[in-house]
Amino acid sequence: MQQYTILWADDEIDLLKPHILFLQNKGFKVTGVNSGADALDLIESTPFDIVFLDENMPGLSGLETLAQLKTIKPNLPVVMITKSEEENIMEDAIGAKISDYLIKPLNPNQILLSVKKILDGKALISETTTRGYQEDFRNISMAYSERIDHEEWTEIYKKLVFWELEMQRTKNSSMATVLEMQKDEANTNFGKFITEEYKYWLNDPKAERPTMSHEIMKKKVFPQLQAGRPLYFILIDNLRYDQWKTIEPLLADLFTVEKEETYFSILPTTTAYARNAIFSGLMPSEIAKQYPQYWKNDDDDDGKNLHEHELLTKQVERNRLTIKTSYNKILQTDKGQELANNMNKLKTNDLNVIVYNFMDMLSHARTDSEMLKELAPDEAAYRSLTYSWFEHSPLFAMMQEIAKQKGRLIITTDHGTIRVNKTLRIVGDRNVNSNLRYKQGKNLGFDEKEVMVAHRPEDIKLPAPNMSTSYVFAWKDGYFVYPNNYNHFANMFRNTFQHGGISLEEMIIPFISLEPK
């Protein structure tokens, strides 16, 4: 077991002998000095794991010693000890990045707790996390082995995300591997669940089903409209629930999370289908029928999401809302910055819709760029990249301006994404769409294991360009590859983030309502 070394600087160090003996009996090596100057001399030549500094020493004070110490060893943990409870001393010490703060008279257990928290904190947290997940492992597995509903699936997914984030913080790779296997098993069962239930959700009025893409404006957004207060609806394309949990702390000083909800993306889990359903308030087959001028099929050359504002306007009219709206779609950083600089122009609107496309572009760029694959080889790195981007993005600047306006904010997405690893062979003609997670076309040939098939697209409210059109959706981490040049394309797309199919990550997505602080 590692023996930690402690440097303790106090002008009355001899009076602290009982505390030093207590720590030595607990296995720590403690060196005592009488002044800040002596402490700095030792720190230059001797490695220490932690430093205790008395604040009120003659010569160099504790704060003055701390300032010099941080220039020599900026990452060395320091515990400030003082008789004073004056707020300005505490603030100065905290501002100088101390690790803890103790007030005399000292209690031996109080000292030990501080040392353990600083030196063994990560190991203790890792052990606690591992123990907690091991206890929950069986509960999660038992839950999805039985017949459960969409709400229970949502809770399972949230639990898996919780443990995934906890494992990431503790860097426990062995348990992370177990968790990854459990996620894979959960996604297999989720694929079976969606295959059995999805059609009934859309056709049986009595079916117990979740809120879905085409319902969120009417059910979750319009009810939040209030006269005289702007509501901002920000849709970040491709934002998974775990990515929301990653960026949530950045908003903590600006907003209170009034309600954290999820909803289910429709199939296919792609922008062309799910986002058009959101803004129209209709399923894709209904859009194609009622507004053929705004709908484009997979084999059409034109952009598939060029009429979101028009579809939103139609939905507002159908709901007989007399509101002032704005719509902005951000595809480039400079346009995002331009909007962030002009947020004041939006505060007189009742509803401001902002679609931000960066996450979708990031996932597609990662497919094409070897550098981005290196930067984000797995989910943890992908989340880290999301955090870094968001912290420095015009989108975060927009949210800061919304908070200043005391505007209310909704953050959501149209679908998630999943890292694919398992190839699924498929055969089709040249008119079959290019998406790796779902295929639409005539006379498709594939193995029906680990996929959902819709031979009658109308059963799941999707348009059928031809009489014999079928849709097939991959479960969990599968992706479709044609037999021609199979190995080349299998290797090209393996371990890339894709969407369009059926997985917890793609379908169960965040819907967050925030109030400014």
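**Exercise 1. A three-stranded sheet**

Find the residue in strand 16 that is the bridge partner of Lys 439, and then place strand 16 in its sheet.

*Solution.* The structure is a predicted model.

Step 1. The bridge partner of Lys 439 in strand 16 is Val 472.

Step 2. Strand 13 and strand 16 (residues 469–474) are joined by five bridges and run antiparallel.

Step 3. The open sheet has three strands in the order 13-16-15, with antiparallel pairing. Strand 13 (438–442) and strand 15 (451–454) are at the edges and have a single partner strand each, so one side of each has no neighbour in the sheet.

Step 4. From one strand to the next, the twist averages 20 degrees.

**Exercise 2. Two helices**

Describe how the axes of helix 1 and helix 5 cross, and state which residues meet.

*Solution.* Two packed helices are described by the angle and the distance between their axes.

Step 1. Helix 1 covers residues 17–25 and helix 5 covers residues 108–119. Their axes come within 10 Å and cross at roughly 50 degrees.

Step 2. Angles from 65 to 115 degrees count as roughly perpendicular and those under 35 degrees as roughly parallel. The crossing angle therefore makes helix 1 oblique to helix 5.

Step 3. The crossing of these two helices is right-handed.

Step 4. On the side of helix 1, His 19, Phe 22 and Leu 23 take part; in helix 5 they meet Pro 108, Asn 109, Ile 111 and Leu 112. Of the residues in this contact, five are nonpolar, two are polar and none is charged.

**Exercise 3. Strand 19 and its partners**

Determine how many residues of strand 19 are buried, and name the residues opposite Glu 260 and Leu 409.

*Solution.* Strands of a sheet pair through backbone hydrogen bonds, either parallel or antiparallel.

Step 1. Strand 19 spans residues 508–516, and eight of its nine residues are buried.

Step 2. Strand 7 (residues 255–264) pairs with strand 19 over nine bridges in the antiparallel sense. Here Glu 260 stands opposite Ile 512.

Step 3. Strand 10 (residues 408–412) also pairs with strand 19 in the antiparallel sense, over four bridges. Leu 409 has Leu 514 of strand 19 as its bridge partner.

**Exercise 4. A loop residue**

Locate Asp 49 and decide whether Asp 49 is buried, partly exposed or exposed.

*Solution.*

Step 1. Asp 49 lies in the loop between helix 2 (36–45) and strand 3 (50–54).

Step 2. The relative accessible area of Asp 49 is 23%. Buried means under 20% and exposed means over 50%, so Asp 49 is partly exposed.

Step 3. Asp 49 is 43 residues from Ile 6 in sequence, but their C-alpha atoms are 6.0 Å apart in space.

Key: Residues numbered from 1 in each chain as written. Predicted model: local features only at pLDDT ≥ 70, side-chain atom pairs only at ≥ 80, totals over all residues. Heavy atoms only, no water. Axes fitted to C-alpha atoms, helices over the stretch in contact; angles between N-to-C directions. Parallel < 35°, antiparallel > 145°, perpendicular 65-115°, else oblique. Left-handed = near helix turned anticlockwise from the far one by under 90°. Contact = heavy atoms within 4.5 Å. Nonpolar A, V, L, I, M, F, W, Y, C, P; charged D, E, K, R; others polar. Pairing = 2+ DSSP bridges. Buried < 20%, exposed > 50% of the residue type's maximum accessible area, 1.4 Å probe, protein only.
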